[in-house]
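User: I would like to learn how to read burial, overall extent and chain contacts from a set of coordinates. Please take the general idea before each case.

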Amino acid sequence: MYIVHHRKLFFWITGIILAAALGAIFVWGLPLGIDFTGGSLMQVNYPNGRPALSVVEKQVATIPSLGASSIRASGADAVSIRTRTLLPAEHDAILAALSKNASTTELAYTSVGPALGSQFTHKALWALFAVVLVIVLYIAFAFRKVSRPVPSWGYGLTVVAMLAIDLIVPAGFYAALCHFTGVQVDSLFIVALLALLGYCVNDVIVIFDRIREHLAKNEKTGLKEEFEVTIGKSINETMTRSINTALTVALALLALIFLGAPATRDFALVMLVGIVIGTFSSIARSAPLLIPIAKWFNK
Amino acid sequence: MTRFRVFALIALAGGILLAYFVWTTQADPTSAYRFKLGLDLAGGTELVYKADMSQTPPNERAGALSALQGVIERRVNLFGVAEPLVQTEQANALTGTTEDRLIVDLPGVTNIKAAVAALGQTPTLEFKLATTTTVGTTTQVTYIPTGLTGRYLASAALQFGSGATAGLAAPQVLLNFNSAGAALFEKITSQHVGQTLAIFLDGQPISEPVIQEAIPGGQATITGNFTATAARDLVRNLNFGALPVPITLESSSSVGPTLGAAAIKAGVGAGIIGFAIVALFMIAWYRLPGLIAAVALAEYLAFMLAVIKVIPVTLTASGIAGLIISVGMAVDANVLIFERTKEELREGKGPREAVHIGFARAWTAIRDGHLTMLISGVILFWLGTSIVQGFALVFVLGVLASFVSAVSLSRVFLLAIVPEQKSGIWRFLLASGISHF
């Protein structure tokens, strides 16, 4: 019952975390990578040690009409160079310029046309929107038999409100990560958000399912129970499960962070933050949020 | 109970067979069931071309796109790549404009420039008029473009002319133009009788027939000193050699073999360690049911990997992420069931009854959770771009498999083992966490 009684406190904690995340997003911004904006990204390794970045910058600057480029260190001996969308000949020219004084191997090269980039943004946003919409509809349907004291679509809306925060917080974390390490938003980040969406919905459905079960049982036995009590009971009964599940997934993600490929490290970090916040919000926020909604409907 | 034990043994044997299948097909380098690795893991080049359909009538676009695919496939094969993949994609109407794309995957190729040179130049079939100018003692032939290109060619065929002399049927190449091409061709031939109309493929003259007369009707025959083989090659080049529509390179990416190999090694290592930690945690906390869940999860993994091999699903970094999340879901279904079973045990029910009720009670939550994830996964697959689809496909498969494994495997295993009465060691084995009952 602790959480229900102190729900205001938990709403405040959520508010502060959310404000911090939004602050990070607005102050530092989410720098969009070439998957969204178009452009070229090359990763070049120097097996005999990386030269100073300023040297690399000068070499890249010798390519005519290249415009702005961003060069940063990547891993122990590699650099990654981001430019506008390159023609194959320009790509070769840069590689040749880099190899002038040192031996290099190109680890990876990606080039995305601007049109393709903007289409990816469109599609990703549509996919997120469609998934959220369908989740509301499905939950409203699955909870159609329990419409008191909260209408069944109220559960759906609560889930969406929760999901919004569950996605904003890891996005805020990523904004900070981008700011301090120089990484950019890529398509794997979108995949991480989508995966979190699935995880968090499942998490909150388990608690709602328990509330649904109690409400149905109370109706059958004619037990008049405060909605607050029902919710408190449901949260307590599902808490071990929520924490244990989060713990197992977090363990798998930690393995991925410390042992996995560098390419998936940021992905796993975002997932980890999202799962911690998602578990917190399904326990401390989603079900308690139903209480003010119920009060509002029964005025 | 005997019934459940038989089922459990069958399930165990099935799991071991699946694991054996996954292992042996992977150990055998010639097996057709080895994992198909995406370019981001195996190394290679992906080229995305945009087909310029602005000159193609809408009803001919689908045909032009598949013709384009055929041409590019042939070029890729000439380039000598193992297991190349050429796909077409029609960007959907979400953005208002449709866009036709051609995606070429070249595993093992990291030299983008060579690949683009072999495929990406828009090789065209052109008809040019030859004009001879004499400067002093040297004769110079210049070719003037006529505007007639491979875009107007409907087909080419090999035929043998019914020559006046029997037995000397000369091989000829028959050209069929489409209607626009026919009009253009008629105009050119009527204005330039007696001149040479050279046919250029990729900038090289491949045949230089002389215009005998104005040719209406959109059919032309190239006669010349063809051998049968040369004529057949020419027909093939005309039919398959020229791109029906111009293409431009829209995006390209290549991953070197070292980066991909490192990613696989790290990914597999993290997967094994991650699975071991999760299994240890489950056993430590849930004891006997935890052990059963670990076995069920191992079967789940063997099943997933076998499905990925058999379909086959191309594994990418995002697909592996989908696999990890779906393992998390499978664990969750088990945790839900065990927590429910524990509650029933606390209320004093016998172990078997508690397991039965625990499964029944957990069912609604598992159903709703899995169904929402399934729906999300399907939408993502439907709307997503290739990297999102890679995630969504594995995720959907994983959710389906988790559904089956949680409600059948764990249940069968548990019911095959637990007794009716809770006594002695069973008290400890069925308890969880730090509690002793």
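Analyst: A residue counts as buried if 20 or more other C-beta atoms lie within 10 Å of its own. This is a predicted model. In chain A, 48% of the 299 residues count as buried. For chain B, buried residues make up 42% of 437.

User: What does the radius of gyration say about chain A?

Analyst: The value is compared with a globule rule, 2.2 Å times the number of residues to the power 0.38. Chain A has 10 helices and four strands. Its radius of gyration is 24 Å, well over the 19 Å that the rule gives for 299 residues, so chain A is more spread out than a compact globule. Along the principal axes, the C-alpha atoms of chain A fill a box of roughly 85 × 35 × 30 Å.

User: How many residues does each chain bring to the contact?

Analyst: Two residues are in contact if their C-beta atoms lie within 7 Å. Chain A gives 57 residues and chain B gives 58. On the chain B side, α7(B) supplies the largest share, with 14 residues. By class, that side has 35 nonpolar, 18 polar and five charged residues.

User: Which strand of chain A is joined to β12(B), and by how many bridges?

Analyst: Two strands pair if there are at least two bridges between them. Here strand β4 of chain A, residues 105-112, is joined to β12(B) by five bridges, and the two run antiparallel. One of the residues involved is A:V112, whose bridge partner in β12(B) is B:S251.

Key: Residues are numbered from 1 along each chain as its sequence is written. Chains are lettered from A and ligands numbered from 1 in the order in which they are written. This is a predicted model: local features need pLDDT of at least 70, side-chain atom pairs count only at pLDDT 80 or more; totals for chains, interfaces and linings use all residues. A residue is buried if 20 or more other C-beta atoms lie within 10 Å of its own, exposed if 12 or fewer, and partly exposed in between; C-beta atoms are placed from the backbone. Ala, Val, Leu, Ile, Met, Phe, Trp, Tyr, Cys and Pro count as nonpolar, Asp, Glu, Lys and Arg as charged, and the others, Gly among them, as polar.
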